[in-house]
Amino acid sequence: MRLNSPHKISLYILAGLPVIGPKNTGVASLITKYNIGFTVSSMFEIKEAITAISDEQYQQMRLNCLQLAAVISKGGCLLNALTQIEVMRSSGQSVQNDVD
């Protein structure tokens, strides 16, 4: 089982720090979508991935974190999720809870 902590990730984003996350998780899709860090399959890949990032790439990830932080700090992600749920319910779609 892969565990991740979306709350901890959001704290790094709010601090403007690019993140490293495990592939094939919900956090991985967030990292990739917003280009706020990188994902790895194994902890053994981290060193190589860090050394492969240029200063420009790092600064872009940092900027992306700060832009996403502005949305998160205003509750934008929560409001977006609630809106999506309301749209699904009003159209008769079932809302899945994927928490095990």
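The protein exposes about 7500 Å². Carbon and sulfur atoms supply 58% of this area. The model is a predicted one. Of the 100 residues in the protein, 20% are buried.

The secondary structure consists of five helices and two strands. Read from the N terminus, the order of the elements is α-β-α-β-α-α-α. Contacts can also be sorted by their distance along the chain. Among contacts with a separation of 6 or more, 36% join residues that are 24 or more positions apart.

In soluble globular proteins, nonpolar side chains tend to be buried together. The largest nonpolar core of this model has nine residues. These are Ile9, Ile13, Val19, Val27, Ile31, Ile36, Cys65, Leu68 and Ala69. Three elements each give two or more residues to this core: α1 (6-14), α2 (26-34) and α4 (55-73). The most comes from α4, which gives three residues.

Val19 is one of the core residues. Its contacts beyond the neighbours within four places in sequence were listed. Val19 touches Ile9, Tyr12, Ile31, Ile36, Gly37 and Phe38 in this way. Among these partners, Ile9, Ile31 and Ile36 also belong to the core.

Helix α2 has a buried side and a face turned away from it. Val27, Ala28 and Ile31 are the buried residues here. Around the axis they cover an arc of only 105°, so they lie on the same side of α2. The face turned away from the buried side carries Gly26 and Lys33, which are exposed. Ser29 also lies in helix α2. With a relative accessible area of 46%, Ser29 is partly exposed, because partly exposed residues fall between the limits of 20% and 50%. Ser29 and Thr39 are ten residues apart along the chain. Their C-alpha atoms are separated by 9.1 Å.

Two asparagines stand out by their backbone angles. Asn24 is found in the loop between β1 (19-22) and α2. Its phi is positive, near 65°, in a residue other than glycine. Asn24 is exposed, with a relative accessible area of 75%. Asn35 follows α2 and is found in the loop between α2 and β2 (37-40). Asn35 is not a glycine either, yet its phi is positive, at about 50°. Asn35 counts as partly exposed, at 34% relative accessibility.

Nonpolar residues are also found on the surface. Leu78, Leu79, Leu82 and Ile85 form a nonpolar patch there. Together these four residues have about 370 Å² of accessible area. Leu82 lies in helix α5, which spans residues 76-90. At 47% relative accessibility, Leu82 is partly exposed, because the value stays below the 50% that an exposed residue must pass.

How values were computed: Residues numbered from 1 in each chain as written. Predicted model: local features only at pLDDT ≥ 70, side-chain atom pairs only at ≥ 80, totals over all residues. Heavy atoms only, no water. Core = buried A, V, L, I, M, F, W, Y, C linked by side-chain atoms within 4.5 Å. Buried < 20%, exposed > 50% of the residue type's maximum accessible area, 1.4 Å probe, protein only. Helix = DSSP H or I, 4+ residues; strand = E, 2+ residues; numbered from the N terminus. Contact = heavy atoms within 4.5 Å. Patch = residues over 30% accessible without salt bridge, like charges linked within 9 Å, V, L, I, M, F, W, Y side chains within 5 Å. Areas by Shrake-Rupley, 256 points an atom, 1.4 Å probe, with all protein chains shown as cover. Salt bridge = Lys/Arg side-chain N within 4 Å of Asp/Glu carboxyl O. Arc of directions from axis to C-beta.
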